[in-house]
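Open the model in a viewer and keep the selection tool at hand. The stops below go from the whole chain to single residues.

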Amino acid sequence: MNSFDVVVIGSGPGGYVSAIRCAQLGMKTAIIEKYSTLGGTCLNVGCIPSKALLASSHHVDEIKHFADHGIELPGDVKIDLEKMIARKQAIVDQTSGGVKFLMDKNKITVFEGVGSFENATTINVTKNDGSVEQISAKNTIIATGSKPSSLPFISIDKERVITSTEALKLKEVPKHLIIIGGGVIGLELGQVYLRLGAQVSVVEYADRVLPTMDGAVSKELTKVLKKAGMKFYTSHKVQKVERNGDAVLVEALNAKNEVISLDGDYALVCVGRRPYTDGLNADKAGVKITDRGQVEVNNHLQTSASNIYAIGDVVRGAMLAHKAEEEGVLVAEQLAGQKPHIDYNLIPGVVYTWPEVAAVGKTEEQLKAENKEYKVGQFPFKALGRARASSDLDGFVKILADKTTDEILGFHIVGARAADLIAEAVVAMEYRASAEDISRMSHAHPTFAEAIKEAALAATENRALHV
């Protein structure tokens with residue numbers, strides 16, 4: 001039986017990063033992946049492929065405005081969805097191949113098959129041909145990720161009633177795509193197909209889309225997407241999804257308890273994701289699973305079995321690739337006797353629509369609920385010379401700071417390059433910067449980042465200079 005210091009089950013961002021860090025720290029490491037490609041949901045059917053399609057569809061959207069820049073095209077723009085999907089897949093293959101290279105580089109043994117516990121130190125790897133190989137693990141890290149959730153009455157046929165996985169490889173642009181769920185995944189994929197010519201309707205149970213983010217952010221993005229043609233049905237409870245041939249009927253109850261009906265050719269179910277522990281046989285290792293299906297862990301990400309840890313989507317907290325990576329590194333360094341730390345309040349969240357949305361720290365709604373006294377500094381992108389130069393006028397930067405100490409409590413950005421700009425916010429908050437600290441730092445002109453300085457000035461005695 002092969003023996004390892006650490007065995008990681010699952011090769012998503014959390015799993016493969018954790019394996020690399022373990023190997024860097026001198027541990028004999030193995031990783032188990034049930035699929036033939038490494039990278040998990042994020043690299044194969046999540047973060048990377050969706051961003052590839054968002055990039056392609058963004059070009060389609062930009063072409064509509066070429067004339068404003070004095071650029072005339074010779075003819076009508078034609079969309080080759082098959083080629084677009086093929087490009088997406090090539091990027092996925094290259095990225096997944098990069099993970100395989102990293103496994104080889106760090107001398108990490110890769111097992112292809114389903115990993116399941118025989119006991120706390122023995123793991124069965126069931127391969128595609130049905131054969132089983134047992135390996136011994138001094139320590140194990142569970143990184144099995146998550147799968148799309150659904151509603152009990154919805155029958156997902158993966159043809160017309162689909163999840164995000166199928167939405168990444170459609171053979172045609174939908175005529176009317178009905179999206180059930182107004183969260184990150186639904187809005188991103190909705191914008192892809194909206195740009196390609198589909199009618200897109202979003203049905204959301206909460207009273208606004210992106211319900212966990214700051215209300216001002218949700219309002220601004222809704223306004224922009226509505227202007228582009230996306231339709232929203234918030235405060236609507238879906239009660240029926242029915243397929244009839246190539247048609248899909250979605251019925252929902254609105255706030256007045258009235259039934260509204262939407263007819264489309266595809267229904268995309270985006271009601272969240274669930275932790276994936278199927279086939280893990282966690283009980284055989286003494287690992288407890290919570291009522292919510294998550295692996296139960298303590299503050300050190302240690303399970304009820306002292307030599308087994310769990311990270312990423314399969315444990316509590318936000319289901320984010322970068323959160324899983326940080327947890328993977330934390331566990332690896334703990335096993336090496338180090339004392340790492342994660343501040344979960346400073347894990348940023350990003351929506352890769354255009355304009356992008358990014359946030360870190362507390363929302364205004366959370367601060368109100370905590371009875372925290374705070375002040376707000378906000379600056380619109382349309383007041384930036386850089387934004388005007390590129391016609392990226394939508395959005396703003398919003399800074400929430402402690403009313404007494406001026407320490408930054410939350411950062412919320414809607415606008416061009418928000419996904420990259422949020423890194424400045426994370427650094428600032430990691431070092432407990434005040435709004436005045438940022439306001440006194442030089443930001444290059446003309447840039448989108450100037451909006452951060454101006455918002456900080458606005459939070460500091462309303463001193464914004466360009467609005």
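How many positive and how many negative side chains does the chain have, and how far apart do the centres of the two sets lie? Colour the charged side chains: there are 53 positive and 58 negative ones. The centres of these two sets are 0 Å apart. Bear in mind throughout that this is a predicted model.

**The whole chain**

Stay with the full view and show the C-alpha trace. Along its principal axes the trace spans about 65 × 60 × 50 Å. The radius of gyration is 24 Å, which agrees with the value near 23 Å that a compact globule of 467 residues would have. Switch to a cartoon to see 13 helices and 22 strands.

Next, turn on the surface. About 22,000 Å² of the chain is exposed, and carbon and sulfur atoms supply 49% of that area. Of the 467 residues, 52% count as buried. Among contacts with a separation of 6 or more, 63% are between residues 24 or more positions apart.

**The domains**

Colour by domain. Select 2-147 together with 274-336 for domain 1, 161-271 for domain 2, and 349-461 for domain 3. Between the C-alpha centres of domain 1 and domain 3 there are 31 Å.

**Ile141 and Lys323**

Select Ile141, in strand β6, which covers residues 132-142. Is Ile141 buried or exposed? Its relative accessible area is 0%, so Ile141 is buried. Now display what surrounds Ile141. Leaving aside neighbours within four places in sequence, its contacts are Val6, Val7, Val8, Ile9, Ser18, Cys22, Tyr309, Ile311 and Val331. Draw a distance from the C-alpha atom of Ile141 to that of Gly10: the two are separated by 8.7 Å, although their positions lie 131 residues apart along the chain.

Move to Lys323 in helix α8, residues 321-335. Lys323 counts as buried because its relative accessibility is 1%. Apart from neighbours within four places in sequence, Lys323 is in contact with Gly312, Val315, Arg316, Gly317, Ala318, Tyr344 and Ile347.

**Leu210 and Ser218**

Go to Leu210, in the loop that runs between β10 (199-203) and α7 (215-227). What is the sign of phi in Leu210? Phi is positive, near 45°, and Leu210 is not a glycine. Most residues other than glycine have a negative phi. Leu210 has 3% relative accessibility and therefore counts as buried.

From Leu210, step to Ser218 in helix α7. Ser218 is buried as well, with a relative accessible area of 2%. Which residues does Ser218 touch, not counting those up to four places away in sequence? They are Arg208, Val209 and Leu210, and this list leads back to the residue with the positive phi near 45°.

**Val259**

Select Val259 in strand β14, residues 259-264. With 46% relative accessibility, Val259 counts as partly exposed; the cut-offs for that class are 20% and 50%. Its contacts, leaving aside neighbours within four places in sequence, are Gln239, Glu251, Ala252 and Leu253. Then add Val467 to the selection. Val259 and Val467 are 208 residues apart in sequence, and their C-alpha atoms are 45 Å apart in space.

**Two cis peptide bonds and Arg417**

Centre the view on Pro355, in the loop between β18 (349-351) and β19 (356-361). The peptide bond that joins Trp354 to Pro355 is cis, with omega of about 5°. Most peptide bonds are trans.

Continue to Arg417, found in the loop between β22 (408-415) and α11 (418-430). Arg417 is a residue other than glycine with a positive phi, near 65°. Is Arg417 buried or partly exposed? At 44% relative accessibility, Arg417 counts as partly exposed.

End at Pro446, which lies in the loop between α12 (435-439) and α13 (450-459). Here a cis peptide bond joins His445 and Pro446, and omega is about 0°.

Notes. Residues numbered from 1 in each chain as written. Predicted model: local features only at pLDDT ≥ 70, side-chain atom pairs only at ≥ 80, totals over all residues. Heavy atoms only, no water. Domains from an automatic or database assignment. Helix = DSSP H or I, 4+ residues; strand = E, 2+ residues; numbered from the N terminus. Rg over C-alpha atoms; globule rule 2.2 N^0.38 Å. Buried < 20%, exposed > 50% of the residue type's maximum accessible area, 1.4 Å probe, protein only. Contact = heavy atoms within 4.5 Å. Areas by Shrake-Rupley, 256 points an atom, 1.4 Å probe, with all protein chains shown as cover. Lys, Arg positive; Asp, Glu negative; His and termini not counted. Charge placed at Lys NZ, Arg CZ, Asp CG, Glu CD.
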